[in-house]
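Please look at the sequence and the structure below, and keep both in view while you read. The paragraphs that follow move from one place in the fold to the next.

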Amino acid sequence: MGLLFAKLMTVFGDREHKVIIVGLDNAGKTTILYQFLTKEAVHTTPTIGSNVEEINVKKTRFLVWDIGGQETLRASWNTYYCNTEIVILVVDSTDRERLTLTKDELHRMLAHEDLQNASVLVLANKQDMKDSMTAAEISHSLTLNSLTAHSWHVQACCALTGEGLHASLDWMRSRVVAN
Ligand SMILES: Nc1nc2c(ncn2[C@@H]2O[C@H](COP(=O)(O)OP(=O)(O)OP(=O)(O)O)[C@@H](O)[C@H]2O)c(=O)[nH]1
Ligand SMILES: [Mg+2]
C-alpha cells in the first residue's frame, strides 16, 4: 500500500499548496506573480479582484492568488484566507509613508483564525530604486520579530528583473516540504 501510494504520488505529484499575495496597491504583487510564472516583467494595471496561477517549483505545486490591494478591496482579503499555507506580503520599499499602514494590515490579517498555521514571506520589492529601504529596515518597521506564532522570512527583491524571487520560491518550498 505504501509503495502504491508512493508510485501514485510520483505519477500525479503532490497536492497543491495555496498561497496568497497581499500588500498595498502599487506594491508590485501582480508583477511578482507573472515574474514567478514567466521569468519576465509584464505590463500591469491595478488589479480589481484577483489573478490566480499555478507555479511549479521542483515538483512542488503552488496555487498562487494575487489579490488587489486598493483600499476598497482590502476588506475582502479575508475571503481568500481559508486553507492558505503561505502569505506573501509585498512591500514597495520606497513607500515610507504607508509602511505603518502595511504593518497594521499585516498584524490584523495574521490575527484571523484561518491564517493561524500560515507562514509569512515579506518581499521588500523595488530594490532597484535608489531610495529604497533595506529588508532589515522593513523588517524592523513591520515588527516582524513580534511574530512568534508564525514562521516568517523577509527577502529583498526586484520584480522587474526577478532578483530575489528564486530564493523566495526556495523558501516557500522549504516551508511546505517541511510541513
Ligand atoms: N522600479 C520598480 N517598479 C516596479 C517593481 N515591481 C513593480 N513595479 C511597478 O510598480 C507598479 C505597480 O505594480 P503592480 O504589480 O501592478 O502592483 P500591485 O501590487 O499588483 O497593485 P494592485 O493590483 O493595485 O494592488 C507597476 O508600474 C510596476 O511596473 C520593481 O521591482 N521595481
Ligand atoms: Mg495587481
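In this predicted model, a good place to begin is Ser132, where a polar atom of the side chain lies 3.0 Å from the backbone oxygen of Met129. Ser132 belongs to the loop between strand E5, which covers residues 119-125, and helix H5, which covers 135-141. With a relative accessible area of 16%, Ser132 counts as buried, because buried means under 20%. If residues up to four places away in sequence are set aside, Ser132 touches Ser93, Thr94, Arg96, Lys126 and Gln127.

One of these contacts, Ser93, leads us to another loop, the one between strand E4 (84-92) and helix H4 (99-110). Is Ser93 buried or exposed? At 0% relative accessibility, Ser93 counts as buried. The side chain of Ser93 is joined to the side chain of Gln127 by a polar contact of 3.2 Å. Leaving out residues up to four places away in sequence, the residues that Ser93 touches include Ala124, Asn125, Asp131, Met133 and Ile138, as well as Gln127 and Ser132.

Asn125 brings us to ligand 1, since a polar side-chain atom of Asn125 lies 3.1 Å from a nitrogen atom of this ligand. Lys126, which was named above among the contacts of Ser132, also has a polar side-chain atom 3.1 Å from ligand 1, but here the partner is an oxygen atom. Thr44 places a polar side-chain atom 2.6 Å from an oxygen atom of ligand 1. Which residues come nearest to ligand 1? Of the 20 residues around ligand 1, they are Lys29, Thr31, Thr44, Thr47 and Gly69.

Thr47 has a part in a second site as well, for the protein donors of the magnesium ion, ligand 2, are the OG1 atoms of Thr30 and Thr47, which lie 2.0 to 2.1 Å from the ion. Thr30 lies in helix H2 (residues 29-38), whereas Thr47 lies in the loop between H2 and strand E2 (50-57), so the pair ties together parts that are 17 residues apart in sequence. Thr30 counts as buried at 13% relative accessibility, and Thr47 counts as buried at 13% relative accessibility.

From this loop the chain continues into strand E2, which pairs with strand E3 in the antiparallel sense over eight bridges. Within this pairing, Glu53 has Val64 in E3 as its bridge partner. The hairpin of E2 and E3 has two residues between the strands, and Lys58 in this hairpin takes a positive phi near 45°. Strand E3 (residues 60-67) is also joined to strand E1 (residues 16-22), and these two run parallel, with six bridges between them. Glu16, for example, stands opposite Arg61 in E3. When you trace the side chains along these strands, it helps to know that in a regular strand the side chains alternate between the two faces of the sheet.

Finally, consider the cysteines. How many disulfides does the structure hold? It holds zero disulfides. Cys157 and Cys158 show the reason for themselves: the sulfur of Cys157 is 7.2 Å from its closest cysteine sulfur, in Cys158, which is too far for a bond, because a disulfide needs two cysteine sulfur atoms within 2.5 Å. Cys157 counts as buried at 2% relative accessibility, and Cys158 is buried too, with a relative accessible area of 4%.

Definitions and conventions
Residues numbered from 1 in each chain as written. Chains lettered and ligands numbered in written order. Predicted model: local features only at pLDDT ≥ 70, side-chain atom pairs only at ≥ 80, totals over all residues. Heavy atoms only, no water. Donors = N, O, S within 2.8 Å, 3.2 Å for Na, K, Ca; no water. Helix = DSSP H or I, 4+ residues; strand = E, 2+ residues; numbered from the N terminus. Buried < 20%, exposed > 50% of the residue type's maximum accessible area, 1.4 Å probe, protein only. Polar contact = N/O pair within 3.5 Å; in protein donor to acceptor, adjacent residues only side chain to side chain. Contact = heavy atoms within 4.5 Å. Pairing = 2+ DSSP bridges. Near = heavy atom within 4 Å.
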